Amino acid sequence: MTDRVVAVAPGRVNLIGDHTDTTGGWVLPLAIDRATTITGERGGPVVALRSATEAEPAVVPLDVADPAAVAPAWARYVAGVVAELRPAEGFVGEVGTTLPVGAGLSSSAALEVAVALALGFDGSTLDLARLGQRAEHRASGVPCGIMDQLASAAGVDGHALLVDCTELTVVPVPVPDDVEVVVVHSGQERALAGSPYAERRARCEAAEAVVGPLRSATVDDLDALDDPVTLARARHVVTENARVRAAAAALAAGDVVEVGRLMVDSHASLRDDFEVSTPALDGLVERLLATPGVLGARLTGAGFGGCVVALARPGAVREGWTVRAAAGASVRVG
Ligand code: GLA
């Protein structure tokens, strides 16, 4: 009899630091207590997964050539991992998730990381995240950064993660007990494929071709940029990197009021300079900020719809999901 495999990978919410990972900046996400779980057995010529929430199963041959062409759509993420990992044997099992799909809580990163562990990935947390990121590129064509997969792989119970996306270091920062992290959906579905995500990334790279790495640039350095749109995109990244490090320091010191203030500034920068917010997200942020006990609120993840994250006094927000910072992905065999 073959061993039963149980692989679990959490989603993530990003407290602050969006659109900074792709230029090697800083982010402050946390893995959350909502996760994707894969159970089953290794063996056979294909990776075959049923999902409780999807009508069609994923059936992926081990030599899959083009993950982006696989159907149904959710199977592309499975295929992306198979193409990156090239496991010697297949897998038959089931996928279950407590993550809302398409909400900006990294359900796809959780799926990639869980699939990799289920199929026998054996390496460092960082390599697991990198493999998931490459799988995402292959599956969706979206040139995402490392944040989502690394948060899922490297989560620490009760802690946010200060990630330096150049050094690829992760510093856990405790989340104080006197606040809650609440995620509220804007009601607007978010799809990154076909969104301007890649265009924003290209703009940042164009800025870097002139001023050098944005992670070490100052706002004054950006005067060298002639194009006002490129300048605004780069200004978001430069100021957001500073906010992330300030927020990590404030969180570590228990200064949650300051963290909230930085989150409000982050949202304004994503709205005005990076232009990835929407009226639905802006309206939700404003409504939450008007709620007594809410310290900060901002869009979280890529934007263009999806969720808002709020930092609030316990019990202040009576909607959405209150999430706890959770441990990273794990696998049990036998
Ligand atoms: C998506 C990407 C991440 C990151 C965020 C924006 O979630 O997958 O790599 O770029 O958008 O911060």
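**Figure 1. Helices and strands of the chain.** In this predicted model, the chain folds up with 8 helices and 12 strands. Its radius of gyration is 19 Å, close to the 20 Å that the globule rule gives for 334 residues, so the chain is as compact as a globular protein of that length. If you boxed up the C-alpha atoms along the principal axes, you'd need roughly 60 × 45 × 35 Å.

**Figure 2. Inside the chain.** Of the 334 residues here, 54% are buried. Now look at who touches whom: take the contacts with a separation of 6 or more, and 71% of them join residues 24 or more positions apart.

**Figure 3. The surface and the charges.** The chain's accessible surface adds up to about 13000 Å². Carbon and sulfur atoms own 52% of that area. As for charges, there are 27 positive and 42 negative ones, and the mean positions of the two sets sit 2 Å apart.

**Figure 4. A close look at helix α7.** Helix α7 runs over residues 256-272, which makes 17 residues. From first C-alpha to last, α7 reaches 24 Å, close to the 24 Å expected at 1.5 Å a residue.

**Figure 5. The buried side of the story for α7.** Which residues of α7 are buried? They are V256, V259, G260, L262, M263, S266, H267, S269 and L270. And what covers them? The cover includes two other helices, α6 (228-252) and α8 (279-289). Strands pitch in too, among them β1 (4-16), β9 (294-299) and β10 (307-312).

Methods: Residues numbered from 1 in each chain as written. Predicted model: local features only at pLDDT ≥ 70, side-chain atom pairs only at ≥ 80, totals over all residues. Heavy atoms only, no water. Helix = DSSP H or I, 4+ residues; strand = E, 2+ residues; numbered from the N terminus. Rg over C-alpha atoms; globule rule 2.2 N^0.38 Å. Buried < 20%, exposed > 50% of the residue type's maximum accessible area, 1.4 Å probe, protein only. Contact = heavy atoms within 4.5 Å. Areas by Shrake-Rupley, 256 points an atom, 1.4 Å probe, with all protein chains shown as cover. Lys, Arg positive; Asp, Glu negative; His and termini not counted. Charge placed at Lys NZ, Arg CZ, Asp CG, Glu CD. Expected span 1.5 Å × (residues − 1).
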